[in-house]
Amino acid sequence: MPAGNQLRQYSVPTFPPPESEGEESWLWNQIKAEARRDAESEPALASYLYSTVLSHPSLARSLSFHLANKLCSSTLLSTLLYDLFLHSFSSSPTLRSAVFADLLAARHRDPACVSFSHCLLNYKGFLAVQTHRVAHLLWAQDRRPLALALHSRVADVFSVDIHPAARIGKGILLDHATGVVVGETAVVGNNVSMLHHVTLGGTGKIGGDRHPKIGDGVLIGAGATILGNVIIGEGAKIGAGSLVLIDVPPRTTAVGNPARLIGGREKPARHEDVPGESMDHTSFITEWSNYII
């Protein structure tokens, strides 16, 4: 069959259909259609796509299989991990809803994400977050050694370090993801996007609530560091390379080291969009300086 006909046969929409159709079943059908299309256009991947996607009856089983094979080691067996992931996703509608929202986030916010199946199979930020969700569930069940073992494997395999106790919402995009660090008492809201080498860290060695709280719709640029029990308000934007040590009001932009509010502390410039969804990193520049490199 000519390549053009294959693409037309397995073309898929980017956005879900009306709410009358189940979200999970809709998304899973799109992923399978994309996998069939890719298997036919690239036979070298046919076996891989069959084993990871097309042979499974549900997204939960496919994701569990894929994560188990990514994270297994000589002493942490893939069969054990598969059962662990599958039980967690199958028994928790909240986890499955978050998987759906995270896939949509990557597909809609990242222009480099060519399909849902591409995200499912290749985006280590997505895979790291899904593993964290299971580790967090284990942590809440007081199965902490196993939660920490998953945490360690994610750090080794994906170069993403999210403590199992950290609380993370849904619709999360870790774009590129390498070097992201999220501390034990950090909280990340819904529809948050952050780039590589972002740190949500603590200060000092005293325990307790010591990590940042990130509101809904926040965008955190590459290499930004946020330290301490500070609040980043809903819809705020943290510029790349910034160091944030105090609270950032909602709908404002903080840039620099140490970070400063665009427009000043008394009347900071406020934006109307949701940067965590728009991914607009640079709209503040004209307000910041008339000398732009």
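Helices (H or I, at least four residues) and strands (E, at least two) are DSSP runs, numbered from the N terminus. The model is a predicted one, in which local features need pLDDT of at least 70 and side-chain atom pairs count only at pLDDT 80 or more, while totals for chains, interfaces and linings use all residues. Residues are numbered from 1 along each chain as its sequence is written, and side-chain values use heavy atoms, with hydrogens and water left out.

**Exercise 1. Locate the cis peptide bond, and then examine the residues with a positive phi.**

Step 1. As background, most residues other than glycine have a negative phi, and most peptide bonds are trans. In this model a cis peptide bond, with omega about 0°, joins N257 and P258, and P258 sits in the loop between β14 (253-255) and β15 (260-261).

Step 2. N191 is not a glycine, yet has a positive phi of about 55°; this residue belongs to the loop between β5 and β6 (193-194). With a relative accessibility of 30%, N191 counts as partly exposed, where buried means under 20% relative accessible area, exposed over 50%, and partly exposed in between (1.4 Å probe, protein chains only).

Step 3. H197, likewise not a glycine, has a positive phi of about 60° and is placed in the loop between β6 and β7 (199-201). Its relative accessibility is 44%, and H197 therefore counts as partly exposed.

**Exercise 2. Work out the strand order of the four-stranded and five-stranded open sheets, and identify their edges.**

Step 1. Strands of a sheet pair through backbone hydrogen bonds, either parallel or antiparallel. Here two strands are taken to pair if DSSP finds at least two bridges between them.

Step 2. The open sheet of four strands follows the order β2-β5-β8-β11, and its pairing is parallel. Its edge strands are β2 (167-168) and β11 (231-232), each of which pairs on one side only. Between β2 and β5 (residues 187-188), which run parallel, there are two bridges, and I168 has V188 in β5 as its bridge partner.

Step 3. The open sheet of five strands, also with parallel pairing, has the order β1-β4-β7-β10-β13. At its edges stand β1 (161-162) and β13 (243-244), each with a single partner strand, so one side of each lacks a neighbour in the sheet. Two bridges pair β10 (residues 225-227) with β13 in the parallel sense, and the bridge partner of T225 in β13 is L243.

**Exercise 3. Describe helix α8 and the way in which helix α5 packs against it.**

Step 1. Helix α8 (residues 124-140) has 17 residues and reaches 24 Å from its first C-alpha to its last, close to the expected 24 Å, the expected span being 1.5 Å times one less than the number of residues. Of those 17 residues 13 are buried, so α8 is largely enclosed by the rest of the structure. The helix is followed by D142, whose phi is positive, near 65°.

Step 2. The axes of α5 (residues 78-91) and α8 come within 10 Å and cross at roughly 80°, where axes are lines fitted to C-alpha atoms, for helices over the stretch in contact, and angles run from 0 to 180 degrees between N-to-C directions. That makes α5 roughly perpendicular to α8, because angles under 35 degrees count as roughly parallel, over 145 as roughly antiparallel, 65 to 115 as roughly perpendicular and the rest as oblique.

Step 3. The contact (heavy atoms within 4.5 Å) is made by L84, F85, S88 and F89 of α5 together with Q130, T131, V134, L137 and L138 of α8. Q130 is buried, at 0% relative accessibility, and, leaving aside neighbours within four places in sequence, is in contact with L63, L67, F89, V99 and D102.

**Exercise 4. Decide whether C119 could take part in a disulfide, and count the disulfides.**

Step 1. A disulfide is a pair of cysteine sulfur atoms within 2.5 Å. The closest cysteine sulfur to that of C119 belongs to C113 and is 4.9 Å away, too far for a bond.

Step 2. C119 is buried, with a relative accessible area of 0%, whereas C72 is partly exposed at 25%. By the distance rule, the count of disulfides comes to zero.
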